[in-house]
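Q: Could you take a close look at one part of this model for me? I'd like a connected walk through how the helices pack there and what sits around them.

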Amino acid sequence: MSGDSTLTRLAAERATGALHGCVGALYLADGAVVHAESPAVPDVGWRLTAGGRLSPESWDEAVEEGGPDYRAGSFLVEHGRLSRGELELCHLSALFDAAYFVLSPLDAAQRVPDRFLKEAKHWFGPVRAVPVPVLQREVRRRRCLLERAWPRPEVDAAPVVPVAGAGRAGRGGLLPPTCGRQAVLAAADGVRTPLQIARALGRSAFATLLDVRRLAAAGLVRTPEADFPGAAARPARVSPPAPTAAAPEISLLYRIRDALEAL
């Protein structure tokens, strides 16, 4: 059974618990996803502290004081460390980021999530629940974005190697159009992979992956040979998901998504 079909079944059953796989877990409450975590991507704490929004001490305090009661996120708001909007923005970004890699492992040999632990809760606590169909559409959309940007998935797991002599100009003399892409290019040292660069910068792992593919398409970073150790097989071309009307409370998620990809 695929991760998507398992997730759909759990949503229909209004299940509460954690769906585990090789590269992380999705936490559900009453059939909706309330948290996602993966060691492959920067988590909420890393994003907040690496970006300078919170001190490491403030984050540790929230984990120690709020974690045992499954309300570390609420602790940050109640004690004035973050606004509610900041908490939701960071949490949703981390949730979508981790969920993508849990359901789309970079290594094709890794299993999608298939072990469900009933009634398990995450210590961060609920912030904003995401309906399973919304999450699944977002994962499909991200797969499509990567394929359209540069259909060579070998770059996803390989060290990011700048092209010698290319400077900041790509094919046709074009500059990377966003500060995010420029930051990724500056952090590319020929050793770090896209996920390691994301962690170093404290930014979205998926956005970094997409930037690397776009840099490869512009000729600014090298695409490894298909037999690069650990490289994934080229996926089949993904059709974009059909547009659907979003419920009012879900429209915020799409605005957050678009803002993050514009960085």
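A: Sure, let's start where helix 8 meets helix 10: G180, R181, V184 and L185 come from helix 8, and T208, D211, V212, R214 and L215 from helix 10. Sort the residues of that contact by type and you get four nonpolar, two polar and three charged. Keep in mind that this is a predicted model.

As for geometry, helix 8 spans residues 179-187 and helix 10 spans residues 205-217, and the two pack at an angle of about 80 degrees with their axes 9 Å apart. That makes helix 8 roughly perpendicular to helix 10.

Now bring in helix 9. Its buried residues are P194, L195, I197 and A198. Look down the axis of helix 9 and those buried residues fall within an arc of 160 degrees, so they line one face of the helix. As a reminder, an α-helix has 3.6 residues a turn, so residues three or four places apart point the same way. What does the buried set of helix 9 pack against? Its partners are helix 5, helix 7 (154-157), helix 8 and helix 10, so both members of the pair we began with turn up here again.

One residue to click on next is F101. Leaving out residues up to four places away in sequence, F101 touches V23, S38, V41, L106, L195, A205, F206 and L209. L195 in that list is one of the buried residues of helix 9. F101 also stands out in the largest nonpolar core, which has 32 residues: along with L7, L26 and L135, F101 touches the most other members. Elements giving two or more residues to this core are helix 1 (3-12), strand 2 (24-29), strand 3 (32-37), helix 5 (84-103), helix 6 (132-149), helix 9 (194-201) and helix 10. Helix 5 provides the largest share, nine residues. There's also a second, separate core of 14 residues, with W59, F75, L87 and V127 among them.

Finally, follow the chain just past helix 9, where G202 takes a positive phi of about 65 degrees. G202 is one of the residues touched by W46, together with G51 and R199, again not counting residues up to four places away in sequence. W46 itself lies in helix 2 (residues 44-50). Is W46 buried, exposed or partly exposed? It's partly exposed, with a relative accessible area of 35%. The C-alpha atoms of W46 and A94 are separated by 10.0 Å, while the two residues are 48 residues apart along the chain.

Methods:
Residues are numbered from 1 along each chain as its sequence is written. This is a predicted model: local features need pLDDT of at least 70, side-chain atom pairs count only at pLDDT 80 or more; totals for chains, interfaces and linings use all residues. Side-chain values use heavy atoms; hydrogens and water are left out. Axes are lines fitted to C-alpha atoms, for helices over the stretch in contact, and angles run from 0 to 180 degrees between N-to-C directions. Helices (H or I, at least four residues) and strands (E, at least two) are DSSP runs, numbered from the N terminus. Angles under 35 degrees count as roughly parallel, over 145 as roughly antiparallel, 65 to 115 as roughly perpendicular and the rest as oblique. Contact means heavy atoms within 4.5 Å. Ala, Val, Leu, Ile, Met, Phe, Trp, Tyr, Cys and Pro count as nonpolar, Asp, Glu, Lys and Arg as charged, and the others, Gly among them, as polar. A nonpolar core is a set of buried Ala, Val, Leu, Ile, Met, Phe, Trp, Tyr and Cys residues joined through side-chain atoms within 4.5 Å. Buried means under 20% relative accessible area, exposed over 50%, partly exposed in between (1.4 Å probe, protein chains only). The arc is that of the directions from the helix axis to the C-beta atoms.
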